[in-house]
Structures are given as C-alpha cells and as structure tokens.
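Trainee: I would like a close look at a single part of this structure, followed outward into its surroundings. Please take the site first and the rest afterwards.

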Amino acid sequence: MEKSVYVREMFASIAPRYDATNRLLTGGVDERWRKRAVRELAPPQGGRILDMCCGTGDLSFHLSRTDPTLHVVGADFCEPMLDGARKRSGKEAKGDVAFVTADVMALPFDDASFDGAIMGFSMRNVVDIVGTLREARRVLKPGTRFVNLDVSKAPNPLFKRAFDVYFYGLVPLIGGLVGGSKSAYRYLPNSLTNYPNADELARRFAQAGFTGVRYVRLGGGAIAAHVGTA
Ligand SMILES: C[S@@+](CC[C@H](N)C(=O)[O-])C[C@H]1O[C@@H](n2cnc3c(N)ncnc32)[C@H](O)[C@@H]1O
C-alpha cells in the first residue's frame, strides 16, 4: 500500500485514543518539548501560523495559549484526527484557530502567506522530506521560521540503547493495550529507523532552501527541534 494511504488509515484507527495514549507514553513530558518548539518559533504577535500535520491540534492549541493574537491554521490529511482537534477547539483554543484538511506535500495556500510554521512528531511519516520542507518554505514569508519537532537518534550509545528498549519494546505494548492498535504503535517506532539523524535532517533543511539552520536536542537527544529561516 502507498505509504501516505497507510499512514492516513493508521492514524484514523488510533485517533479516538491518540491524546490519552500520547500523554501516557511520554509521561506528559511532550508538553515541555512542545513549549520549547513554540519558543524556538518565536511567532510574531498577530501573525498567521501554520501547524503542519496538526493531528488533534496539540501544537495549534499551544500556539494559541502562548499568544491569543495569533491566527493559527492546523492542516492534516486524516479526518478523524481533525475531528479530535475540532472537538478540543471549544475548550482549548484561546484565539483564532482553524483546522483544514490538507496534504502537507501539496498545501492549499498561497506563496508567502504565513508568518511561521511548525510541525510536530510527523516528519517521519511523510513520503518526501525535502519536498515537504520545500512546501513549508513556499508558504512562508521570507525571513520567517519553520520549526520541526520530532523523535531523533540519540548520540549517546548507552542512552540510545535504553531509549530503543522503550521505543521499540514498550511503545507497541502500551500502544496496543491503551491506544487500541498494536500494529500502529509498532509502525510508529519503526518509522524512526529510516529517518535521518539530526545532522542529516539539518542538511535537508538547507537543501530545501532554509537558511540559519540549527537544532536543539531535547530528552537526552531522543527528540530534536530543528529551526530554519525561509
Ligand atoms: C504523530 S501525529 C502528530 C500530530 C500532532 N502534530 C502532534 O504533535 O501530536 C502525525 C500526524 O501527521 C499526519 N500526516 C502524516 N502525513 C501527512 C501528510 N502528508 N499530510 C497531512 N498530514 C499528514 C497524520 O494524519 C497524523 O495526524
């Protein structure tokens, strides 16, 4: 099956319990990483910000809580995930937050129409990383930022081994029990296997035309937030 079709169906199957499973799997520490990613984005007051692969809207709501003057657009191609985002919106959106159905590899937005873009825990799922980065850059105004927050390959071998036990062993087990789909939570860690390491991902940012590319390692290097300027 084509990867994007598989990914969409897989997320549809875990959407109803996605948020609860996420919090359980990370012990809630993902909230800290998300806050840090929003800080790295430094969205300008009143700006229009794109949350790519928004899922159930976590980063969109973080953005709107951080600065209610922002106009946040969350884009995702999985309707059941977007349903979750729309349900949360009434309680959690502090400003203008809208959710749209879109494939991040072909965004339905004009060139240079956003003041910042962010993507959380999703780059591993796209078919073409450089193509997605180019698309992010296309919709950004020159000089604005894109931040990608995702799982990464920890440089410390001991930590990496411990993390692998958790990620490849415990995540599918807990995901199966709580999240409702063992195969989905087996896919998610495996998607890291072919994902570029932090330096290589930074190179892909540059390849897509971003400048001033840098990254911050979080969670002992198991997570990275990459930042590039359009
Ligand atoms: C692991 S979830 C992350 C959701 C959210 N960003 C978060 O931080 O919780 C990955 C999301 O990426 C979406 N996704 C994957 N590939 C996509 C694509 N090509 N276009 C739009 N959404 C995509 C999936 O539907 C899913 O909602």
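Trainee: Which side chain is joined to that of D150 by a polar contact of 2.9 Å?

Mentor: The side chain is that of R124: a polar contact of 2.9 Å joins it to the side chain of D150. Bear in mind throughout that this is a predicted model.

D150 is found in strand β5, which covers residues 140-151. D150 counts as buried because its relative accessibility is 1%, under the 20% that sets the limit. A second polar approach involves the backbone: a polar atom of the D150 side chain lies 3.3 Å from the backbone nitrogen of M123. Leaving out residues up to four places away in sequence, D150 touches F121, S122, M123 and R124, and also Y195, A222, I223 and A224.

One of these contacts, F121, deserves a separate remark. F121 is found in the loop between β4 and α6, and it has a positive phi of about 55° although it is not a glycine. Most residues other than glycine have a negative phi. F121 counts as buried because its relative accessibility is 15%. C53 also has a positive phi, near 60°, and is likewise not a glycine; C53 is found in the loop between β1 and α4.

Another of the contacts of D150, I223, leads to the hairpin, since strand β7 is made of residues 223-229. Strand β7 pairs with strand β6 (residues 211-218) in the antiparallel sense, over six bridges. Within this pairing, Y215 stands opposite H226 of β7. Four residues lie between the two strands of the hairpin, and G219 takes a positive phi near 55° there.

Strand β5 also holds P142. P142 is exposed because its relative accessible area is 71%, whereas D150 is buried at 1%. Apart from neighbours within four places in sequence, P142 is in contact with A112 and A230. P142 and S113 are 29 residues apart in sequence, with their C-alpha atoms 9.9 Å apart in space.

Next comes helix α6, residues 129-139. At its start, a side-chain oxygen of D128 reaches to within 3.3 Å of the backbone nitrogen of V130. The buried residues of α6 are I129, V130, T132, L133, E135, A136 and V139. These residues pack against strands β1, β4 and β5 and against helix α9 (198-207). Strand β5, which holds D150, is thus one of the elements packed against α6.

Away from the D150 site, the charged pairs can be taken together. Side chains of opposite charge can pair when their charged atoms come close. The count comes to 19 salt bridges. One of them joins R23 and D30, with the closest N and O atoms 2.8 Å apart. R23 counts as partly exposed because its relative accessibility is 25%, while D30 counts as buried at 1%. D30 lies in helix α3 (residues 30-41); leaving out residues up to four places away in sequence, D30 touches N22, R23 and D58.

A salt bridge also links E92 and R88, with 2.9 Å between the closest N and O atoms. E92 and R88 are four residues apart in helix α5 (residues 79-92), so about one helical turn separates them. E92 is partly exposed, with a relative accessible area of 24%, but R88 counts as buried at 14%. Both of these pairs belong to a network of salt bridges that links D19, R23, D30, E31, R34, D58, R65, R88 and E92.

Helix α7, residues 157-179, has a further salt bridge, in which the side chains of D164 and K160 meet at 2.8 Å, N to O. These two are four residues apart in α7, so they too are separated by about one helical turn. D164 counts as partly exposed at 22% relative accessibility, and K160 is partly exposed with a relative accessible area of 31%.

Helix α7 also contributes to the nonpolar surface. L170, L173 and L177 make a nonpolar surface patch of about 310 Å². L170 is found in α7, and so is L173. L170 is partly exposed, with a relative accessible area of 41%, and L173 counts as partly exposed at 44%. L173 and Y185 are 12 residues apart along the chain, and their C-alpha atoms are separated by 7.8 Å.

How values were computed:
Residues numbered from 1 in each chain as written. Predicted model: local features only at pLDDT ≥ 70, side-chain atom pairs only at ≥ 80, totals over all residues. Heavy atoms only, no water. Patch = residues over 30% accessible without salt bridge, like charges linked within 9 Å, V, L, I, M, F, W, Y side chains within 5 Å. Areas by Shrake-Rupley, 256 points an atom, 1.4 Å probe, with all protein chains shown as cover. Salt bridge = Lys/Arg side-chain N within 4 Å of Asp/Glu carboxyl O. Buried < 20%, exposed > 50% of the residue type's maximum accessible area, 1.4 Å probe, protein only. Pairing = 2+ DSSP bridges. Contact = heavy atoms within 4.5 Å. Polar contact = N/O pair within 3.5 Å; in protein donor to acceptor, adjacent residues only side chain to side chain.
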